[in-house]
Amino acid sequence: MMATKYVVTGSHGFIGSHLVSKLGEGNCWCIDWKIGRDATRPSDYPKEGDQVDAIFHLAGYIHDGYHPNDILANNTSSTIRVLEEARRLKAKVIFVSTAGVYADLPGPQREDGVLDFTASTYATSKRIGEELCQLY
C-alpha cells in the first residue's frame, strides 16, 4: 500500500507544481509527460488498493503548438481516464477548468449559466471535461 493520498495530473506545470509543493511531494502520485507518465494511460496511475483520497486533474494540451484535433482528443481522453481511475480507486476528482469557457461574454458570469461558445479549442476541451464530470 502506498502512503500517497493525492494524484496530480499535470504535476510539473505551473499550477500543478505549486499544488504538489503545498500538498507535499510524499503525499502525491505525480503524472506528467515530463516524468514519463501520461494521464491517458491506465498503467501510469496507482494500483488497485492504494489509498487515494482525490485526483487533481490539471493535465491537458493547451493551444500552443498543438492541432485542434489533438487538443480535443488528448484532453477529453485524459479526463475520461481520470474519471475512470477515480471510480476504480474510490477517489474524489478536482477538475481544473479555465476562465476561457466564458469566452468574451460581457460582465460577470455564473458558473451554472448557459454557455453558447468558448474562446478556443482548449477552452472547448475544458468545457467538455466539465460536462464529463457531471455525467460521472
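How much space lies in the largest pocket? I looked this up in a predicted model, and the volume comes to about 600 Å³.

I then listed the lining of this pocket. I count 26 residues there, and G10, W33, L58, A59 and G60 lie nearest the centre. Helices α1 (14-23), α2 and α3 (121-135) are the elements that each give two or more residues to this lining. The largest share is from α1, with 3 residues. By type, I noted 12 nonpolar, 9 polar and 5 charged residues in the pocket lining.

Next I turned to enclosed space. I found 1 cavity of 30 Å³ or more, and its volume is about 30 Å³. I wrote down its lining as H57, A59, N75, S78, T79, F95, S125 and K126. At least two of these residues come from each of α2 and α3, and α2 gives the most, with 3. I sorted the cavity lining into 2 nonpolar, 5 polar and 1 charged.

Which residues make up the largest nonpolar core? I recorded 11: V7, I31, A39, Y45, V52, I55, A59, V82, A86, L89 and A91. Helix α2 (residues 68-89) provides the largest share of this core, 3 residues. I also found a second, separate core of 9 residues, L19, V20, L23 and C28 among them.

I checked A59 across my entries: A59 belongs to the largest nonpolar core, lines the cavity and is one of the residues nearest the pocket centre.

Last, I looked at A86, a member of the largest core. Leaving out residues up to four places away in sequence, A86 touches I55, A91 and V93. Of these partners, I55 and A91 are listed in that core too.

Note on methods
Residues are numbered from 1 along each chain as its sequence is written. This is a predicted model: local features need pLDDT of at least 70, side-chain atom pairs count only at pLDDT 80 or more; totals for chains, interfaces and linings use all residues. Side-chain values use heavy atoms; hydrogens and water are left out. A nonpolar core is a set of buried Ala, Val, Leu, Ile, Met, Phe, Trp, Tyr and Cys residues joined through side-chain atoms within 4.5 Å. Buried means under 20% relative accessible area, exposed over 50%, partly exposed in between (1.4 Å probe, protein chains only). Helices (H or I, at least four residues) and strands (E, at least two) are DSSP runs, numbered from the N terminus. Contact means heavy atoms within 4.5 Å. On a 1 Å grid over the protein atoms alone, a cavity is a set of points where a 1.4 Å probe fits but cannot get out, and a pocket is an open set with protein on both sides within 12 Å along at least five of seven lines; lining residues have an atom within 4 Å of a point. Grid points are joined across faces, edges and corners, and a volume is the space filled by probe spheres set on the points. Ala, Val, Leu, Ile, Met, Phe, Trp, Tyr, Cys and Pro count as nonpolar, Asp, Glu, Lys and Arg as charged, and the others, Gly among them, as polar.
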